[in-house]
Amino acid sequence: VKLDLTLRIIEAGAIIAFALSGFLEAARKRMDVVGVIVVAFITAFGGGTLRDLLLDRRPLFWVEHQEYVVLIFAVSVAAMALMRGGRHQFTERAIQIPDALGLGLFSVSGTSLALEAQLPLFVASLMGVITAVFGGVMRDIICNEIPTVFRDHRPYALCSFAGCWTFLALHLLGAPSLLGLAAGAGTAAGLRLLALARGWTLPAWPPGGEGGG
Amino acid sequence: VKLDLTLRIIEAGAIIAFALSGFLEAARKRMDVVGVIVVAFITAFGGGTLRDLLLDRRPLFWVEHQEYVVLIFAVSVAAMALMRGGRHQFTERAIQIPDALGLGLFSVSGTSLALEAQLPLFVASLMGVITAVFGGVMRDIICNEIPTVFRDHRPYALCSFAGCWTFLALHLLGAPSLLGLAAGAGTAAGLRLLALARGWTLPAWPPGGEGGG
Amino acid sequence: VKLDLTLRIIEAGAIIAFALSGFLEAARKRMDVVGVIVVAFITAFGGGTLRDLLLDRRPLFWVEHQEYVVLIFAVSVAAMALMRGGRHQFTERAIQIPDALGLGLFSVSGTSLALEAQLPLFVASLMGVITAVFGGVMRDIICNEIPTVFRDHRPYALCSFAGCWTFLALHLLGAPSLLGLAAGAGTAAGLRLLALARGWTLPAWPPGGEGGG
């Protein structure tokens with residue numbers, strides 16, 4: 001029960017950061033108020049909802065905790081009013097830190113729930129990655145873009161993957177759950193921020209090469 | 001049982017209008033016969049299917065009622081033959097009235113089913129909106145467009161939302177179910193048609209402003 | 001049990017061909033290594049996963065058989081290394097035969113599982129088509145294209161549909177399951193290859209006609 005409570009708090013923290021990133025992309029596409037709310041909502045809850053559909057878990061997080069849904073509605077409307085008023089607070093850079101934190105938190109919560117559902121280890125790590133990145137994937141699909149996470153060559157899903165395996169390794173070694181969750185989330189978030197700071201990139205296709213077209 | 005039957009009839013009415021709107025967008029994209037059938041099908045059943053996946057309801061409406069599936073196949077093929085023959089019957093304007101009716105009917109049926117599944121009120125209203133608008137969202141995603149409902153600044157999801165709350169308010173006041181369903185569907189459909197007639201729009205981002213890019 | 005085993009083997013064969021087609025489209029879009037793996041994965045497992053969500057079957061194929069997931073990871077990374085090295089092995093033409101085979105195998109496995117789940121016949125045939133084509137639909141949506149299967153006017157979903165009904169007809173006639181599966185898969189795959197070889201096309205909208213815009 002205590003572990004479950006911890007996971008709940010973890011998910012809550014990540015939700016705000018992800019909603020904001022959805023809000024920003026919707027605003028960049030000049031969507032209307034319905035669009036920004038829905039995209040914020042889907043970015044925040046999409047990954048966890050997909051995980052729950054795949055695991056057949058119910059009730060969904062946002063069905064059980066409608067206070068978060070209301071919160072996202074309120075935050076989106078407020079942020080839209082603020083931005084229309086001419087203030088520039090929400091740059092992509094400003095949300096990098098909460099977004100990295102969200103990445104880490106969603107990764108370990110997804111992996112942990114998959115483990116509870118008796119999934120094999122590798123699949124459990126994928127469920128962590130799905131939880132962490134598919135909200136963003138849905139956001140980009142709705143905004144009619146190729147998902148950033150698949151094409152920008154900056155490590156994002158890989159950081160999540162590393163965090164999931166840190167958590168799994170500590171779990172297999174019999175470490176306390178809270179330690180595993182903290183270490184896994186910290187690994188994913190830390191690697192992500194480090195990758196951004198150092199400008200690490202994934203191997204690219206050669207220019208004009210066979211991958212081209 | 002009687003209420004359930006009413007809900008079934010309500011969904012059936014909405015399905016035809018939505019299928020037609022899917023057919024039209026697929027035709028505009030010059031899809032082949034497979035494309036127009038599938039897009040008509042997904043526009044009609046996508047919202048309800050997503051709702052049922054989220055609520056874990058089975059069997060799905062179209063699985064239980066394959067007669068509607070066959071009907072959509074037949075209508076799509078007939079409409080395609082008709083349009084290829086050079087007749088212009090199905091303008092966007094012509095389907096505004098059945099589409100508004102579909103919006104109202106799907107809104108209250110989705111909310112009502114969510115209520116039966118013991119969902120909290122706000123989430124139940126969202127399930128109504130999801131039922132009503134996500135068929136169209138899927139249609140636009142498949143047609144490689146940003147979903148109209150998120151960007152055209154004409155009230156659509158908001159009309160659905162108002163209809164859902166009209167139904168919920170009457171439900172909380174203890175009104176008979178049929179009255180609530182009729183009032184809710186009427187509110188959503190009426191507001192939608194009024195919004196179109198009067199040219200109501202949602203607040204937009206300022207031109208060239210922060211939302212731009 | 002023996003039938004179930006056969007179905008499992010059938011799905012395995014199709015998965016490799018579909019993963020390769022996903023890999024190729026992701027490479028054409030110059031996605032990074034995460035993108036090519038995920039798109040390969042979704043192309044291979046997307047149709048079957050959607051079918052299982054619609055039928056409420058668990059565990060999902062790839063959750064139960066994580067060896068395939070690992071295989072797709074390994075194959076994608078190896079293929080990416082190979083292509084970056086400048087070799088052109090994987091042309092669209094080269095995967096037409098395994099892709100046609102995959103189409104046939106997924107069609108009958110999907111229909112057969114739907115029949116086991118007591119679905120009505122027409123819906124069961126649709127489940128076969130969904131299993132066979134929706135991996136490719138998801139691939140194209142993620143790659144920000146209108147799904148090929150809906151617009152290229154070359155029979156693909158229709159071949160799948162014909163294969164599903166061949167299987168269903170033999171099932172209704174009381175033929176042995178293996179015969180039905182083989183005949184259905186063969187019909188779909190054969191029709192697809194024949195359609196490609198002969199250049200068969202579906203009826204198109206007239207140029208500049210009503211479907212245009």
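The paragraphs below lead through a predicted model, beginning with the make-up of one chain and moving on to its helix packing, its backbone exceptions and the relation between the copies.

Chain A is a good place to start, since its secondary structure amounts to nine helices and zero strands. Followed along the sequence, these elements give the pattern α-α-α-α-α-α-α-α-α. Of the 213 residues in chain A, 56% are buried. The contacts in this chain can also be sorted by their separation in sequence: among those between residues at least 6 apart, 73% join residues that are at least 24 apart. One residue from the interior may serve as an example, namely Thr131(A), which lies in helix H6 (residues 121–142) of chain A. With a relative accessible area of 1%, Thr131(A) falls under the 20% limit and is therefore buried. Its C-alpha is 17 Å in space from that of Gln118(A), and the two residues are 13 apart in sequence.

Helix packing comes next, and two pairs can be set out in turn. Two packed helices are described by the angle between their axes together with the distance between those axes. In chain A, the axes of helix H2 (residues 33–55) and helix H5 (residues 96–116) come within 11 Å and cross at roughly 10°. Angles under 35 degrees count as roughly parallel, and H2(A) and H5(A) are therefore placed in that class. The crossing of H2(A) past H5(A) is right-handed. From H2(A), the contact draws on Ala44(A), Arg51(A) and Leu55(A), while H5(A) supplies Phe106(A), Ser109(A), Gly110(A), Leu113(A) and Ala114(A). Sorted by class, the residues of this contact comprise five nonpolar, two polar and one charged.

The second pair is found in chain B, where the axes of helix H2 (residues 33–55) and helix H4 (residues 66–84) come within 9 Å and cross at roughly 135°. H2(B) and H4(B) are therefore oblique to each other, and their crossing is right-handed. On the side of H2(B), the contact is made by Val33(B), Val36(B), Ile37(B), Ala40(B), Phe41(B), Ala44(B) and Phe45(B), and on the side of H4(B) by Tyr68(B), Val69(B), Ile72(B), Phe73(B), Ser76(B), Val77(B) and Met80(B). The residues of this contact divide into 13 nonpolar, one polar and no charged.

Between the helices, several loops hold backbone exceptions. Most residues other than glycine have a negative phi, and most peptide bonds are trans. In chain A, the peptide bond from Arg58(A) to Pro59(A) is cis, with omega near -5°, and Pro59(A) has its place in the loop between H2 and helix H3 (61–64) of that chain. In chain C, a cis peptide bond likewise joins Arg58(C) and Pro59(C), where omega is about -5°, and Pro59(C) lies in the loop between helix H2 (33–55) and helix H3 (61–64) of chain C. That loop between H2 and H3 of chain C also holds Asp56(C), a residue other than glycine whose phi is positive, near 60°. At 29% relative accessibility, Asp56(C) counts as partly exposed. In chain B, His153(B) is not a glycine and yet has a positive phi of about 60°. His153(B) lies in the loop between helix H7 (148–151) and helix H8 (157–172) of chain B, and with a relative accessible area of 14% it is buried.

The last topic is how the chains are related to one another. Two copies of a chain are related by a rotation about an axis and a shift along it. Chain C is superposed on chain B by a rotation of 120° with 0.0 Å of shift along its axis, at an RMSD of 0.0 Å. These two copies are thus related as by a three-fold rotation axis. The C-alpha of chain C nearest the axis belongs to Asn144(C), at 3.8 Å from it. As for the surfaces that chains C and B use, 11% of the contact residues of chain C recur in chain B, and the copies use different surfaces.

Chain A, in turn, is superposed on chain C by a rotation of 120° with 0.0 Å of shift along its axis, the RMSD being 0.0 Å. Among the residues of chain A, Asn144(A) comes closest to the rotation axis, its C-alpha lying at 3.9 Å. Only 11% of the interface residues of chain A are also interface residues in chain C, so these copies meet through different surfaces.

Notes: Residues numbered from 1 in each chain as written. Chains lettered and ligands numbered in written order. Predicted model: local features only at pLDDT ≥ 70, side-chain atom pairs only at ≥ 80, totals over all residues. Heavy atoms only, no water. Axes fitted to C-alpha atoms, helices over the stretch in contact; angles between N-to-C directions. Helix = DSSP H or I, 4+ residues; strand = E, 2+ residues; numbered from the N terminus. Parallel < 35°, antiparallel > 145°, perpendicular 65-115°, else oblique. Left-handed = near helix turned anticlockwise from the far one by under 90°. Contact = heavy atoms within 4.5 Å. Nonpolar A, V, L, I, M, F, W, Y, C, P; charged D, E, K, R; others polar. Least-squares fit on C-alpha atoms with pLDDT ≥ 70 in both. Buried < 20%, exposed > 50% of the residue type's maximum accessible area, 1.4 Å probe, protein only.
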